[in-house]
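Please open the structure in your viewer and keep the selection tool ready. We will walk through it stop by stop.

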Amino acid sequence: MQHAVSVKVPGCCSYIGSKLRTNLLDFNLPFLQSIPGAFKIAHTVLGMICLVVLSYFTASFLPKTAFELTYHVIACIMYLSASLILLCEVVSSNAESDDFKEPGYEGKIAASALGLANSVLYGVSSFFSFQARKQMG
């Protein structure tokens with residue numbers, strides 16, 4: 001005889017051991033209505049306001065600096081090297097056995113693939129930064 005156990009942990013986003021359909025987000029409303037929850041909401045709102053204000057005032061001169069080009073080139077190289085090293089290490093350590101894969105194998109492959117995609121995006125941003133810098137003289 002099988003028993004289905006449904007355990008709901010306050011503040012958790014899923015039900016453990018249940019086959020019931022869950023919501024994508026399960027908000028812990030009592031926490032959000034408490035003092036620490038109010039501080040979390042205030043931190044989030046103020047952080048977003050600061051980011052909007054900062055991006056508004058720096059958007060006019062940041063692309064014209066050498067900092068942006070340098071940042072994008074270094075980030076592209078670092079993401080590319082880290083992703084390739086992780087991918088090679090995971091593939092070589094799991095190449096011996098088809099039956100057993102190390103814990104987190106799929107996550108490590110996904111992380112390296114996303115890192116490679118991010119390095120391509122930084123490479124494209126480097127190209128556009130170089131073009132903008134060249135136009136500025």
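Start with the whole chain: buried residues, meaning those under 20% relative accessible area (exposed is over 50%, partly exposed in between; 1.4 Å probe, protein chains only), make up 12% of its 137 residues. This is a predicted model, in which local features need pLDDT of at least 70 and side-chain atom pairs count only at pLDDT 80 or more, while totals for chains, interfaces and linings use all residues. Residues are numbered from 1 along each chain as its sequence is written, and side-chain values use heavy atoms, with hydrogens and water left out.

Now switch to a cartoon view. You should find 4 helices and 2 strands, in the order β-β-α-α-α-α along the sequence. Helices (H or I, at least four residues) and strands (E, at least two) are DSSP runs, numbered from the N terminus.

Next, select Phe27, Leu29, Phe31, Leu32, Ile41, Val45, Leu46, Met48, Ile49 and Val53, which make a nonpolar surface patch of about 910 Å². Patch residues have over 30% relative accessible area and no salt bridge (a side-chain nitrogen of Lys or Arg within 4 Å of a carboxyl oxygen of Asp or Glu); like charges are joined within 9 Å, and nonpolar side chains (Val, Leu, Ile, Met, Phe, Trp, Tyr) within 5 Å. Areas come from the Shrake-Rupley method with a 1.4 Å probe; for residues, only the protein chains shown count as cover. Helix α2 gives the most to this patch, with 6 residues. Leu29 lies in helix α1.

Finally, select Ser83 in helix α3 (residues 66–93). Is Ser83 buried or exposed? Ser83 is buried, because its relative accessible area is 5%. Beyond its neighbours within four places in sequence, Ser83 is in contact (heavy atoms within 4.5 Å) with Ser112, Gly115 and Leu116.
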